[in-house]
Amino acid sequence: MKVLAAMSGGVDSAVAAARAVDAGHDVTGVHLALARTPASDRVGSRGCCTLEDARDARRAADVLGIPFYVWDLADRFESEVIDQFVADYSAGRTPNPCVSCNERIKFAAVLDRALALGFDAVVTGHHARLDPDGTLRRSVDLAKDQSYVLGTLRPEQLAAARFPLGDSTKEQVRAEAARRGLGVADKPDSHDICFVASGDTGAWLRERLGPRPGPIVDAGTGETLGEHDGAYAFTVGQRRGLRLGRPAPDGRPRYVLELSPVTSTVTVGPAEALDMRSLVAERIVWPHEGSVSCTAQVRAHGGVVPATVTARGDELDARLAEPVRGTAAGQAVVFYDGDRVLGGGRIRSLAG
């Protein structure tokens, strides 16, 4: 099989490519240049697509003895992921750019080009398992499982994907990289939002959107408690950094409950007001009929709750057996039967 190995410059993608070589495939490595102005070096575990990452990927390919190329997808990444990320925050949603990157870049732009060039599949270093029939499952390493960020891929995308690391823990992957002489064996994992190297999403958005001042309002009384420079700097469930002028009458902390971009209003209130028991998802991947009993995951590293899911046209209606707290519109929701991914979508709305 002729496969294209996406090599980010990290340990996971390097070992995934190595295992593809061991499996007897005809492997070509490719590094995706996603930043228009890549920095020279990473800052600890922050940032991605630096020149250092490209060099690390090339060195790994040299160790494996495979051809290596760099594909410049910066313009598409900007329009498909970054611009959408900014638009979502501007509209009061909380997006997950890793989900968008997988959907629109790695398993759309890259996969389409790979297939057009005669490759049979794309290999990545995601920690997830893929059965021969195309069923996506959680990694055996639940702490590193990435099935959530892959859970909205379509069946035809999964059919041309390969995830060689799903049966290994992260410790095993690093140990294997060291045995193979790969220099990235101890390289830190990338965290947070890859294109916000500073880790300060609010400041990054402020540079793009400019100041949009408005009030911070108490949900119970309607009283204005403070002012802010932009609702996009807040997320539902946030507690710290609200800079409120006075405490709640009962002394309990307040949390962000709602963001209203039209009026630039941030509404705050007690923690229990964050509890949600139902949601509606759009942009769905759901090949099932009738009501399905399953579990729902609404964060990349969150737990699951029992749910009953019903498809209604192009949307999913999910009733949760337990309340989830701090979930926001724009986030992905992925449904499971045990460790098997059933499908998912983007949260459009939630209700208590």
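These legends walk through several close-up views of a predicted model. Residues are numbered from 1 along each chain as its sequence is written, and side-chain values use heavy atoms, with hydrogens and water left out. Because the model is predicted, local features need pLDDT of at least 70 and side-chain atom pairs count only at pLDDT 80 or more, while totals for chains, interfaces and linings use all residues.

**View 1. F77 meets F195 edge-to-face.** Rings of Phe, Tyr and Trp (its six-membered ring) are paired here if their centres lie within 6.5 Å, with planes under 30 degrees apart called stacked, over 60 edge-to-face and the rest tilted. By that rule the count comes to 7 aromatic pairs. In this one, the ring centres of F77 and F195 are 5.9 Å apart and the planes sit at 75 degrees, so the pair is edge-to-face. F77 belongs to helix α3 (residues 74-90), while F195 is in the loop between α7 (170-179) and α8 (201-209), so the contact ties together parts that are 118 residues apart in sequence. Helices (H or I, at least four residues) and strands (E, at least two) are DSSP runs, numbered from the N terminus. Both F77 and F195 are buried, which here means under 20% relative accessible area, with exposed being over 50% and partly exposed in between (1.4 Å probe, protein chains only). Pull back a little and F77 and F195 turn out to share one aromatic cluster with F85, Y89 and W204.

**View 2. W286 and F335 make another edge-to-face pair.** Here the rings are 5.6 Å apart centre to centre, with 80 degrees between the planes. W286 comes from the loop between β12 (275-285) and β13 (291-297) and F335 from strand β16 (residues 332-337), so this pair ties together parts that are 49 residues apart in sequence. W286 counts as buried at 11% relative accessibility, and F335 is buried at 0%.

**View 3. Two charges over rings.** A charge is taken to sit over a ring if NZ of Lys or CZ of Arg is within 6 Å of the ring centre and within 35 degrees of the ring normal. K2 does this with F119: its charged end is 4.8 Å from the centre of the ring. R113, for its part, lies over the face of W71, at 4.7 Å from the ring centre.

**View 4. The largest cavity and its lining.** A cavity is a set of points on a 1 Å grid over the protein atoms alone where a 1.4 Å probe fits but cannot get out, and lining residues have an atom within 4 Å of a point. Grid points are joined across faces, edges and corners, and a volume is the space filled by probe spheres set on the points. The model has 1 cavity of 30 Å³ or more, and the largest holds about 90 Å³ of space. Its lining is made up of Y89, S90, G92, R212, A231, Y232, L259, S260, P261 and S264. Helix α3 and strand β10 (255-260) are the elements that give two or more residues to this lining. By class, the lining has 5 nonpolar, 4 polar and 1 charged residues, counting Ala, Val, Leu, Ile, Met, Phe, Trp, Tyr, Cys and Pro as nonpolar, Asp, Glu, Lys and Arg as charged, and the others, Gly among them, as polar.

**View 5. S264 and R283, non-glycine residues with positive phi.** S264, one of the cavity-lining residues, has phi near 55 degrees. This serine is placed in the loop between β10 and β11 (265-269) and counts as buried at 10% relative accessibility. R283 has phi near 50 degrees. That arginine is found in strand β12 and is partly exposed, with a relative accessible area of 41%.

**View 6. C98 and C194, two cysteines without a bond.** The structure holds 0 disulfides, a disulfide being a pair of cysteine sulfur atoms within 2.5 Å. The closest cysteine sulfur to that of C98 is in C194, 6.3 Å away, which is too far for a bond. C98 counts as partly exposed at 40% relative accessibility, and C194 is partly exposed too, at 23%.

**View 7. R104 and R76 across the fold.** R104 is found in helix α4 (residues 97-116) and is buried, with a relative accessible area of 18%. C-alpha to C-alpha, R104 and R76 are 8.8 Å apart in space and 28 residues apart in sequence.

Technical notes: 1 Å grid on protein atoms, 1.4 Å probe; cavity = no way out; pocket = protein on both sides within 12 Å on 5 of 7 lines; lining within 4 Å.
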